[in-house]
Amino acid sequence: MSSVLFLIPIALFLGALGLGAFLWSLKSGQYDDMEGAGLRILDDDEPEKAPAKADTKI
């Protein structure tokens, strides 16, 4: 019985910690764009690199 009295505060603390992490992720915008990440992985376009300098020797 004494172990339950020890584990209940730990469980409440971990639950509050999880809730705090969830609220922090909401405030930081983790869930603002739910579809963008899924679509970006399908995009094959690579960012264009700067063109290499062409030799101008004639």
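## Starting at Asp44

Let us begin with one residue, Asp44, which is exposed, its relative accessible area being 70%. Buried residues have under 20% and exposed ones over 50%, so Asp44 falls in the exposed class with its 70%. Please keep in mind that this is a predicted model.

Where does Asp44 sit along the chain? Its place is in the segment after helix H2, a helix that covers residues 36–40. Asp44 also has company: together with Asp43, Asp45, Glu46 and Glu48, Asp44 gathers in a patch of negative charge on the surface.

## The protein as a whole

With Asp44 placed, we can step back to the overall picture. The protein has two helices and zero strands. The protein contains 58 residues, and 3% of them count as buried.

How much accessible surface does the protein have? The total comes to about 6100 Å², and carbon and sulfur atoms account for 65% of that surface.

## A nonpolar patch

Next, have a look at Phe13, which is found in helix H1, residues 2–27. Phe13 counts as exposed because its relative accessibility is 53%, and the exposed class begins over 50%.

Phe13 is one of the residues that make a nonpolar surface patch of about 640 Å². The other members of this patch are Phe6, Leu7, Ile10, Leu14 and Leu17.

## Two rings that pair

In general, a pair of aromatic rings is described by two things, the distance of the centres and the angle of the planes. This structure holds one aromatic pair. The partners are Phe22 and Tyr31, with ring centres 6.1 Å apart and planes at 50°. Planes under 30 degrees apart would count as stacked and those over 60 as edge-to-face, so this pair, at 50°, is tilted.

Are the two partners buried, exposed or partly exposed? Phe22 is partly exposed, with a relative accessible area of 42%, and Tyr31 is partly exposed as well, with 41%.

## One salt bridge

Our last stop is a contact between charged side chains. The count of salt bridges comes to one. Which residue forms a salt bridge with Asp33? The partner is Arg40, and the closest N and O atoms of the two residues are 3.8 Å apart.

The two partners fall into separate classes of accessibility. Asp33 is partly exposed, with a relative accessible area of 46%, whereas Arg40 counts as exposed, at 56% relative accessibility.

Notes
Residues are numbered from 1 along each chain as its sequence is written. This is a predicted model: local features need pLDDT of at least 70, side-chain atom pairs count only at pLDDT 80 or more; totals for chains, interfaces and linings use all residues. Side-chain values use heavy atoms; hydrogens and water are left out. Patches are made of residues with over 30% relative accessible area and no salt bridge: like charges are joined within 9 Å, nonpolar side chains (Val, Leu, Ile, Met, Phe, Trp, Tyr) within 5 Å. Accessible areas come from the Shrake-Rupley method with a 1.4 Å probe; for residues, only the protein chains shown count as cover. A salt bridge is a side-chain nitrogen of Lys or Arg within 4 Å of a carboxyl oxygen of Asp or Glu. Lys and Arg count as positive and Asp and Glu as negative; His and the chain ends are not counted. The place of a charge is taken as NZ of Lys, CZ of Arg, CG of Asp or CD of Glu. Helices (H or I, at least four residues) and strands (E, at least two) are DSSP runs, numbered from the N terminus. Buried means under 20% relative accessible area, exposed over 50%, partly exposed in between (1.4 Å probe, protein chains only). Rings of Phe, Tyr and Trp (its six-membered ring) pair if their centres lie within 6.5 Å; planes under 30 degrees apart count as stacked, over 60 as edge-to-face and the rest as tilted.
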